[in-house]
Amino acid sequence: MSLETEQIPTEIARTIQTVERLKNQLGQWAVEEVKVHNNEVTVVVKRDSLTEAMRYLRDEEKFEMLVDATAVDYLPLQDEPRFDVVYHLLSLTHRLRLRIKVRIRSDDAWVPTVCHIYPSANPYEREIWDMFGIKIEGHPNLKRILTYDEFPGHPLRKDFPLFWQPGQPLDKPEKQFEEW
Amino acid sequence: MKIDIVRTTIDGHEITIAPPGKARGDVIDEELDEEMKEIIGRNVLLAKLEDLLNVDIVQAIVNWAKRNSLWPVTFGLACCAIEMMATVASRNDIARFGAEVFRGSPRQADVMIVAGRCSWKMAPVLKRIYDQMPNPKWVIAMGTCASCGGVFQNYAIVQGVDQIVPVDVYVAGCPPRPETLIHGIMMLQEKIKREKIGEHKLKEAP
């Protein structure tokens, strides 16, 4: 029992050491924020240094695995930057997890691809494009993945009408859809 | 064309043989040979039986054959498919109703059990599988989602597969228990029992 309770802070400490080395690598300006919550470490990096950060974390810090890549729309909570693109990394060598976030404005919604660093990002990034309409620059096959090709809009955006059905106008107020 | 109406006597009964449709010919009395008499006698017996039971014997036999070997096409979309599999398994043996032969190809199937929610992306596939099935064919919408969209009232899910294919039986439940699905299949059998031959040709997709 005592062994486990000692292990948890060490893992966080090791992750934070990793983040410090990442900061040194990228320069202080590239990392916007470092958060520790619920024994999980989140690093918010600038979009321009995302590729460099991912490459550094994979090659030098041995985060071999991209577990998940997704996005969040904070429309009702904050105006701009509206989207977060979230990458979850796992180091099988060091048994560490790290969350990388990039903040995106809706009028400039794109992120560079990490497909060439983590090939498993390919379908995740297509999903981000499909669901949130965030363009992935440099993606080899940026098509819709979950909805069909003719689908209008991006359904996980908070301003997408949830009750919309094919054949209906998209600009109908939400209330009318509910009545329908 | 003028076809005569033949009046003859078989076994003491007076029989009138008329061509189908409106008879326009003359009535002629004629003595038939033995073979002809036997054939007509058999048909008369059949006709009398049909009158007695108030059914069309041929139709009844065809419908009996149809409804007791309903071959479903393997089409599981979601969790309802698990209940569908349980219906096929030994405890709720669907073979008791002749519907245990789940075919991999729609071309060999009679009934499509739409088991689960159907997304708009899946809708063209559903329609194609239905179109590939040979006539006569039936559709069971299994579960709330296939019937009306259920809890998935959103942009992605078809609000009832009757928007895409004509549905014969709606089975309620989320998911329906195997007993409920068997009840749905029996309802479909009752429906087929009352079907006229060739009635499926009148059915059209919405």
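Reader: In what order do the elements of chain B run from the N terminus on?

Author: They go β-β-β-α-α-β-α-β-α-β-α-β-α. Here helices are DSSP runs of H or I with at least four residues, strands are runs of E with at least two, and both are numbered from the N terminus. Chain B comes to six helices and seven strands. Before we go on, some ground rules: this is a predicted model, so local features need pLDDT of at least 70 and side-chain atom pairs count only at pLDDT 80 or more, while totals for chains, interfaces and linings use all residues. Residues are numbered from 1 along each chain as its sequence is written, chains are lettered from A and ligands numbered from 1 in the order in which they are written, and side-chain values use heavy atoms, with hydrogens and water left out.

Reader: What share of chain B counts as buried?

Author: Buried means under 20% relative accessible area, exposed means over 50%, and partly exposed lies in between, using a 1.4 Å probe and protein chains only. Of the 206 residues of chain B, 40% are buried. As for contacts, meaning heavy atoms within 4.5 Å, take those in chain B between residues at least 6 apart in sequence: 67% of them join residues at least 24 apart.

Reader: How do I read a helix pair, say α3(B) and α6(B): at what angle do they cross?

Author: Fit lines to the C-alpha atoms, for helices over the stretch in contact, and take the angle between N-to-C directions, from 0 to 180 degrees. Under 35 degrees is roughly parallel, over 145 roughly antiparallel, 65 to 115 roughly perpendicular, and the rest oblique. The axes of α3 (residues 80-88) of chain B and α6(B) come within 9 Å and cross at roughly 75°, so the two helices are roughly perpendicular to each other.

Reader: Which residues meet there?

Author: B:Glu83, B:Met84, B:Ala86 and B:Thr87 on the α3(B) side meet B:Pro178, B:Leu181 and B:Ile182 of α6(B). By class, that contact has five nonpolar, one polar and one charged residues. Nonpolar covers Ala, Val, Leu, Ile, Met, Phe, Trp, Tyr, Cys and Pro; charged covers Asp, Glu, Lys and Arg; the others, Gly among them, are polar.

Reader: On to charges. How many salt bridges does the structure hold?

Author: Side chains of opposite charge can pair when their charged atoms come close. The cut-off for a salt bridge is a side-chain nitrogen of Lys or Arg within 4 Å of a carboxyl oxygen of Asp or Glu. Over all chains, the structure holds 19 of them. In one, the side chains of A:Glu11 and A:Arg95 meet at 3.0 Å, N to O. A:Glu11 lies in helix α1 (residues 2-26) of chain A and A:Arg95 in the loop between β4 (83-91) and β5 (96-104), so the pair ties together parts that are 84 residues apart in sequence. A:Glu11 is partly exposed at 24%, while A:Arg95 is exposed at 54%.

Reader: Is A:Arg82, by contrast, buried or exposed?

Author: Buried, at 7% relative accessible area. A:Arg82 forms a salt bridge with A:Asp159 (3.4 Å, N to O), and A:Asp159 is partly exposed at 48%.

Reader: Where do B:Glu190 and B:Lys193 lie?

Author: Both lie in helix α6 (residues 178-193) of chain B, three residues apart, which is about one turn of the helix. Their side chains meet in a salt bridge of 3.6 Å, N to O. Back in chain A, shared partners join A:Glu32, A:Glu33, A:Lys46, A:Asp84, A:Lys101 and A:Arg103 into one network.

Reader: How many disulfides does a search of the whole structure find?

Author: A disulfide is a pair of cysteine sulfur atoms within 2.5 Å, and the search finds zero over all chains. For B:Cys145, the nearest cysteine sulfur is that of B:Cys174, 5.3 Å away. B:Cys145 is buried at 12%. B:Cys148 has the sulfur of B:Cys145 as its nearest, 7.7 Å away, and B:Cys148 is partly exposed at 44%.

Reader: And the backbone: which residues does a cis peptide bond join?

Author: Most residues other than glycine have a negative phi, and most peptide bonds are trans. Here one cis bond joins B:Asn135 and B:Pro136, with omega about -10°; B:Pro136 sits in the loop between α4 (123-132) and β6 (138-142) of chain B. Another joins B:Cys174 and B:Pro175, with omega about -15°. As for phi, A:Asn39 has a positive value of about 60° although it is not a glycine; A:Asn39 lies in the loop between β1 (31-37) and β2 (40-45) of chain A.
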